[in-house]
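Visitor: I am new to this structure and should be grateful for a close look at a single part of it. Please take the time to explain that part step by step.

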Amino acid sequence: MARKHINSAIPDLSGKRAVVTGASDGIGLGIAAGLAAAGAEVLLPVRNPRKGEAAITGIREAVPGANVSLHALDLSSLDSVAALGETLRGDGRPIHILINNAGVMTPPDRQTTADGFELQLGTNHLGHFALVAHLLPLLRAGHARVTSQISVAANSNSINWQDLNWERSYKGGHAYSQSKIAFGLFGLELDRRSRAGGWGITSNLSHPGVAPTSLLAARPEIGRDKDTMGVRLIRALSARGILLGTVETAKLPALHAATATDAQGARFYGPSGPGHLGGPPAEQKLYTRLRSTEDAQRIWEASEELTKISFPTG
């Protein structure tokens, strides 16, 4: 029976295995459903199993016969990342699509991961850095496309090279920008190293624009007991179709970057509307903070040192 594609630009993905982080709600859930509707087997590595089960149920209701499964993953713990890598390598099955979508945004006070990293750097960037390293043999076997979801925040502020973990001072918004700049630089450097080393992996970037997701909503686990003013404003504008995107449109750039036949490595995809805040996906110019190959090499080396995880040199 023919499958109904959520995004008509998604090609048939039958026989492909995809992994989507942060797919228990919001944009990630929409991405996972889109891949499943195109015929992919979709793995949802999640931190909260209750939310994960609800996500699986929702996908199967929307896509009867969807091939989806849950796995445990807490990106703020390198041990958890390593455990998922060991499990999937034990399966021995190639991964064809990896969408690094999960993230945490602006805890009001500085928090740290299980490994002592500033929470946003550790979760948004270092956790995904480690995940790609642990899955590398499977990604190489699948000639995978890796899409890393950054943010419009990567177009502001900078990397705090002298204090990557914000131990001497903490500004939540600046730390969030840093995590997304670092993550974007990593995604671009991954493509360069793959081409140089013959890894067979294609790596690109996406951003969802601005939409009413849970990133700025109440998150007691990170010390935010109430919705921020920002998320309330975003919900109001999105509901009225003013400038911003919706959760439905916000998933499209990552889906395009990860699956479209014309999407390429080392490219950047996001919404094409005014200010690139909403609208259909399209290729965009790299943010200025992502254009330095020296910075990309520097953050890669710093990430290997912090995580004590090394990629092959060839």
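Visitor: Which residues form one aromatic cluster?

Guide: The model shown here is a predicted one. In it, a single aromatic cluster is formed by F129, F183, F186, W199, W300 and F311. Across the model, the count of aromatic pairs comes to 8. One of these pairs consists of F186 and W300, whose ring centres lie 5.4 Å apart, with 35° between the planes. The pair of F186 and W300 is classed as tilted, a term for planes that are neither under 30 degrees apart nor over 60. This pair links distant parts of the chain, for F186 belongs to helix α5, residues 172-197, while W300 belongs to helix α9, residues 293-307. The two residues are 114 residues apart. Both F186 and W300 are buried.

Another aromatic residue, W161, has a charged partner. The side chain of R298 lies over the face of W161, at 4.0 Å from the ring centre.

A buried polar residue may be considered next. Q284 is found in strand β8, which comprises residues 281-284. Its relative accessible area is 9%, and Q284 is therefore buried, the limit for that term being 20%. The side chain of Q284 is joined to that of H207 by a polar contact of 3.2 Å. Leaving aside residues up to four places away in sequence, Q284 touches F268, G270, P271 and H276 as well as H207.

Helix α2 completes the picture. This helix runs over residues 49-62 and has 14 residues. From its first C-alpha to its last it reaches 20 Å, close to the 20 Å expected at 1.5 Å a residue. At its N-terminal end, α2 is capped by N48, a side-chain oxygen of which lies 3.0 Å from the backbone nitrogen of R50. The buried residues of α2 are G52, A55, I56 and I59. These residues lie on the same side of α2, because they cover an arc of only 100° around the axis. A general rule is relevant here: an α-helix has 3.6 residues a turn, so residues three or four places apart point the same way. The buried residues of α2 pack against α1 (26-37), β2 (41-46) and β3 (67-72). On the other side of α2, by contrast, R50, A54 and E61 are exposed.

Notes:
Residues are numbered from 1 along each chain as its sequence is written. This is a predicted model: local features need pLDDT of at least 70, side-chain atom pairs count only at pLDDT 80 or more; totals for chains, interfaces and linings use all residues. Side-chain values use heavy atoms; hydrogens and water are left out. Helices (H or I, at least four residues) and strands (E, at least two) are DSSP runs, numbered from the N terminus. The expected span of a helix is 1.5 Å times one less than its number of residues. Buried means under 20% relative accessible area, exposed over 50%, partly exposed in between (1.4 Å probe, protein chains only). The arc is that of the directions from the helix axis to the C-beta atoms. Contact means heavy atoms within 4.5 Å. A polar contact is a pair of N or O atoms within 3.5 Å; within protein, one must be able to donate a hydrogen and the other to accept it, and residues adjacent in sequence count only if both atoms are side-chain atoms. Rings of Phe, Tyr and Trp (its six-membered ring) pair if their centres lie within 6.5 Å; planes under 30 degrees apart count as stacked, over 60 as edge-to-face and the rest as tilted. A charge sits over a ring if NZ of Lys or CZ of Arg is within 6 Å of the ring centre and within 35 degrees of the ring normal.
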